[in-house]
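Reader: Hello, I am new to this one. Could you show it to me and then take my questions?

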Amino acid sequence: MNKKRYVCSLLFSLAFLLLLTGCGQKQEEAEGTDYSDSTNWAYLEADETGTEADVFFICPSVYGGSEDACNMSLTDEDTKESFVGAINMEKGIYEENTRFFAPYYRQIGLNVYEMPEEDREPYLEIAYEDVRDAFDHYYDNYNEGEPFILAGFSQGADMCLRLLKDCFDDEELQDQLIACYAIGWRVTEEDLEEYPQLKMAQSEDDTGVIVSFNSEAEDVTDSLMIPEGTKSLAINPLNWKTDGTAADKSLNKGACFTDYSGAITEEIPQLTGAYIDEARGSLKVPDVSPEDYPAGLSIFTDGIYHLYDYQFFYRNLQENVQTRIQAYGAGR
């Protein structure tokens, strides 16, 4: 599959999922999800042996939403199929020498992001309730003291950060955390001040830290992830610097475009360089165009490369996961 066919395929899938905008009345909260039931896990690799770490992965948004349901139903088999596919697109970054855990959860629909931020929260709380319950079940029943990585993209990154804020003032959890890859959502200085357990990555091999960035064109000044006037914190996945030092595209070890099976359909070494905009904290991506990589959703304008955060820097992220796992092991 070439680049344009990949983009068209991805956008078709997302367009199919994006349904009506609006939810009417807030839906009744169902009882919490039972994570002792293996069918509530997209991946539950509890029986894998000989691994160096666990990965607890939180899926990005795949549910469109409807007028009467702002949170995904876990009986919606079609959306669950897309849910697994979206995980597979990024799983290859994390799966070497790890056990992989990824729960289904009542994620919010894309239509919720059309709402004012304060109106989204009741629906996000339902999603987070599942994520928290799933993590608790994983930790109590499967972790057995193993080091682990938290990872997520987009809504999944938001859920990762909520989990860090809610649970990781616990020193035992902090000590087991290799890193949290919360890519495609913002982390602010105010977050760090309020939650001292949040620590941003400062290099390629520090541990117990958050790896985060949001990709966009050089002229973008506002996005869902980083509203205008907000500054996020970030690290550049090409040179692992947190300032505006530009990383040339020669440092990009491979942009990889994947399908819903996780197969790499196209790989482009040295696709683009990147640098951090020190005013916004976004990751500016100068060597690609919105014409080739359109935003793809009505909640984004062209030039917001959110859909490609993982894809543009796939090989560098894949290598970095192993670097941090090894650094964690060397520090024990």
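Author: Gladly, and one definition comes before the questions: a salt bridge is a side-chain nitrogen of Lys or Arg within 4 Å of a carboxyl oxygen of Asp or Glu. The model is predicted, so local features need pLDDT of at least 70 and side-chain atom pairs count only at pLDDT 80 or more, while totals for chains, interfaces and linings use all residues. Residues are numbered from 1 along each chain as its sequence is written, and side-chain values use heavy atoms, with hydrogens and water left out.

Reader: Thanks! How many salt bridges are there by this rule?
Author: Side chains of opposite charge can pair when their charged atoms come close. Counting the pairs by the rule above gives a total of 17 salt bridges.

Reader: Which residue forms a salt bridge with Glu216?
Author: Glu216 lies in strand S7 (residues 215–216), and its partner lies in strand S11 (residues 283–284), so the pair ties together parts that are 68 residues apart in sequence. Strands here are DSSP runs (E) of at least two residues and helices are runs (H or I) of at least four, numbered from the N terminus. The N to O distance is 2.6 Å, and the partner is Lys284.

Reader: Are Glu216 and Lys284 buried or exposed?
Author: Buried means under 20% relative accessible area, exposed means over 50%, and partly exposed lies in between (1.4 Å probe, protein chains only). In these terms, Glu216 and Lys284 are both buried.

Reader: Which residue of helix H6 meets Lys165 in a salt bridge?
Author: The N to O distance of this pair is 3.3 Å. Lys165 lies in helix H4 and its partner in helix H6 (residues 189–194), so the contact joins parts that are 26 residues apart in sequence. Lys165 is partly exposed because its relative accessibility is 24%. The partner is buried because its relative accessible area is 15%, and it is Asp191.

Reader: Which residue forms a salt bridge with Asp158?
Author: Asp158 has a relative accessible area of 7%, so it counts as buried. Its partner also lies in helix H4, four residues along, about one turn of the helix. With the closest N and O atoms 2.9 Å apart, the partner is Arg162.

Reader: Which residues are linked with Lys91 in a network of salt bridges?
Author: Lys91 has a side-chain nitrogen to offer, so its partners must bring carboxyl oxygens from Asp or Glu. The network links Lys91 with Glu45 and Glu95.

Reader: Why does Glu67 count as exposed, and how far is it from Asn111 in space?
Author: Glu67 sits in the loop between strand S2 (53–58) and helix H2 (77–94). It counts as exposed because its relative accessibility is 54%. Glu67 and Asn111 are 44 residues apart in sequence, and their C-alpha to C-alpha distance is 9.1 Å.

Reader: What is phi of Asn97, roughly?
Author: Asn97 is in the loop between H2 and strand S3 (98–103). Its relative accessibility of 33% makes it partly exposed. Although Asn97 is not a glycine, its phi is positive, at about 60°.

Reader: To finish, what is the radius of gyration of the protein chain?
Author: The chain has eight helices and 11 strands, and 57% of its 332 residues count as buried. The radius is taken over C-alpha atoms, and the globule rule is 2.2 Å times the number of residues to the power 0.38. For 332 residues a compact globule would come near 20 Å, and the chain agrees with that at 18 Å.
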